[in-house]
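Please open the model in your viewer and keep a selection prompt at hand. The stops below each give something to select and then say what is to be found there.

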Amino acid sequence: MIPFRTSRRRCLLQAGGALASGLLLPRVPAAAQPPFAADSVYQVQATLYDARGAVFDWRTQHGHPLLVSMFYSQCEVVCPTIFETIRMSLEALPAGSAQHTRVLMVSFDSARDDPAALRAAARAHACDARWTLAGGRPTEVRRISAALDIPFRRLPGGGFNHATAILLLDAEGRIVARSAQLGRPDPALSNALLTLDPPAPPPGGDQR
Amino acid sequence: MMRIGLYGAAWLLLVMAGVLTPPPAAAAAAATGAAYVNIPGGRFISVLPQGDTPASAGPVDVAPFRMRADPVSVAEYADFLRRYPEWRRDRVAGTLADKGYLGSWAGPDDPAQPAHTGAGPDALAPVTEVSWYAASAFCAAEDARLPAWIEWEYVAAADATRTDARADPAWRSTILEWYEHRDPTPAAAAASRRPDVYGVRALHGAIWEWVEDFNALFIAGDSRTQGDPDKLAFCGAGALSVVDRENFPVLMRIALLASLRAADTTRHLGFRCARDIRPESP
């Protein structure tokens, strides 16, 4: 990325990022090995860290439906609305649905959204256990933005110019739905969620 | 030393957990012999506004870095495929490269087969028909990265004797001439390959080139979308407008890159790599 003048905090973050990537050089972001389908976004590898500072490969999110978007914690208007829209979408579903669905929010802001900032953002938006807030080095975040087609640009003042989108991935990482509608649940997204993760059938069933 | 040991242990654990793949035996990947040149840093005004508002042109400090003197060639990319066969066109996933990936090559890992005279691209020509993911992977394999847009633009502003020739109408006119001709004359092609003041060649005329932040270049067609807080499709003061509308060669490149997605390939889009310069230890 653009090598701006380095602050000490950036140095520490980069050091953390270096640890996060395992200092694996040269590292080739190679095509993923099976079983990811050819149209899965998990063909794109990226190393992130979560709000606890734990490093993970974002491809480990496979195996369950995933609502995913991107944000940055200093964003005052649109990004909080993304959080709110996702929450409303989940709450508006019939009881018992979306039991397996999780949420991943990836920060654009490699410089400032360290684990502590992610924890603060999670608290601010009342994120429960199904939410993962994550950050990464600029190259990892750029790769996520490319995989999800969420363009973004860092502004000189430290903010970000970015597209807004909420994506729904199936368990294999295929993009099932995409919405730019904020402020209220998008019916198309909600229907796709219901299809992927419907309410569990009642136990026992009718034995007559 | 302890920290190195900790990092090494962490890496080993991640490898064993299957999260990371170990470097291939050809860690001599870095020893491809590709020529990189030093690009000294400097203050630069981009055609894309870098100021506090979408329309203001603030100067940017471009830190020193190293850049490949030439675009990555077909032969170099074929060598990359031999070391990383998962990037062959018959093996790579469609998410990472579209159907046009290496489409002109005679074989999945060989640009030209001996039995087919004239088939496939010239081995020394810049490789094209590669996606952003593929280009990024190639650069990572030689311990490098794609250049940022501002780095590419900074170097591309130079001519044979000046680091910034953009104010010279003759420079702009020469470059526009190259773009006007899909198949440049041998003289024009040779001219585009002459090194600039840094020793970098063929930044203009031959091919378009990927940059690391290709999807940071979204620009508005007009000024009506600027500063519209209700436009929730874009957060952060809307899309960019360009500062310098006279620099058509650069504007054309921005327009192309801004229209692409990471898996896209085109016949005239290639790339070159860049490297950070490690900071001096105090």
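Begin with Asp39(A), shown as sticks, which is partly exposed at a relative accessible area of 46%. Keep in mind throughout that this is a predicted model.

**Stop 1: a charged pair across chain A**

Add Arg174(A) to the selection, since the side chains of Asp39(A) and Arg174(A) meet in a salt bridge with an N to O distance of 3.2 Å. The pair links distant parts of the chain, for Asp39(A) sits in the loop between helix H1 (8-20) and strand S1 (47-50) of chain A, whereas Arg174(A) sits in the loop between strand S8 (166-169) and strand S9 (175-179) of chain A, 135 residues apart. Arg174(A) is partly exposed, its relative accessible area being 29%.

Now select Glu172(A), which also forms a salt bridge with Arg174(A), with the closest N and O atoms 3.3 Å apart. Glu172(A) counts as partly exposed, at 37% relative accessibility. Over all chains, the structure holds 25 salt bridges. As general background, side chains of opposite charge can pair when their charged atoms come close.

**Stop 2: a charged pair in chain B, and a network in chain A**

Move to chain B and select Arg88(B) together with Asp90(B), whose side chains meet in a salt bridge at 2.7 Å, N to O. Is each partner buried or exposed, or partly exposed? Arg88(B) is buried, with a relative accessible area of 14%, while Asp90(B) is partly exposed, with a relative accessible area of 45%. For a contrasting selection, return to chain A and show Asp39(A), Asp170(A), Glu172(A) and Arg174(A) together, as salt bridges that share partners join these residues into one network.

**Stop 3: two positive phi values**

Stay with chain A and select Asp149(A), where phi is near 55°, a positive value in a residue other than glycine. Asp149(A) is found in the loop between helix H4 (138-148) and strand S6 (152-154) of chain A, and at 23% relative accessibility Asp149(A) counts as partly exposed.

Then select Leu102(B), where phi is near 50°, again a positive value in a residue other than glycine. Leu102(B) is found in the loop between helix H2 (74-83) and helix H3 (132-141) of chain B, and at 0% relative accessibility Leu102(B) counts as buried. These values may catch the eye because most residues other than glycine have a negative phi.

**Stop 4: the disulfides**

Select the cysteines next; a search of the whole structure finds two disulfides over all chains. In chain A, Cys75(A) and Cys79(A) form a disulfide with their sulfur atoms 2.4 Å apart, and the link, with 90° about the S-S bond, is right-handed. Both Cys75(A) and Cys79(A) are buried.

Why is Cys127(A) not bonded to Cys79(A)? The sulfur of Cys127(A) is 13 Å from the closest cysteine sulfur, which is in Cys79(A), and that is too far for a bond, given that a disulfide calls for sulfur atoms within 2.5 Å.

In chain B, select Cys139(B) and Cys273(B), which form a disulfide with their sulfur atoms 2.1 Å apart. The torsion about this S-S bond is about -85°, so the disulfide of Cys139(B) and Cys273(B) is left-handed. Cys139(B) lies in helix H3 of chain B and Cys273(B) in the loop between strand S7 (269-270) and strand S8 (274-276) of chain B, so the pair ties together parts that are 134 residues apart in sequence. Cys139(B) and Cys273(B) are buried.

**Stop 5: chain B as a whole, then one helix**

Show chain B as a cartoon, in which seven helices and eight strands can be traced. Buried residues make up 45% of the 282 residues in chain B. Of the contacts in chain B between residues at least 6 apart in sequence, 75% join residues at least 24 apart. Switch to a surface display, and the accessible surface of chain B comes to about 13,300 Å², of which 58% belongs to carbon and sulfur atoms.

Finally, select helix H7 (residues 248-259) of chain B, whose twelve residues should span 16 Å at 1.5 Å a residue, and whose end C-alpha atoms are 16 Å apart, which agrees. Colour the buried residues of H7(B) to close the tour: these are Pro249(B), Val250(B), Leu251(B), Arg253(B), Ile254(B) and Leu257(B).

Notes
Residues are numbered from 1 along each chain as its sequence is written. Chains are lettered from A and ligands numbered from 1 in the order in which they are written. This is a predicted model: local features need pLDDT of at least 70, side-chain atom pairs count only at pLDDT 80 or more; totals for chains, interfaces and linings use all residues. Side-chain values use heavy atoms; hydrogens and water are left out. Helices (H or I, at least four residues) and strands (E, at least two) are DSSP runs, numbered from the N terminus. The expected span of a helix is 1.5 Å times one less than its number of residues. Buried means under 20% relative accessible area, exposed over 50%, partly exposed in between (1.4 Å probe, protein chains only). A salt bridge is a side-chain nitrogen of Lys or Arg within 4 Å of a carboxyl oxygen of Asp or Glu. Contact means heavy atoms within 4.5 Å. Accessible areas come from the Shrake-Rupley method with a 1.4 Å probe; for residues, only the protein chains shown count as cover.
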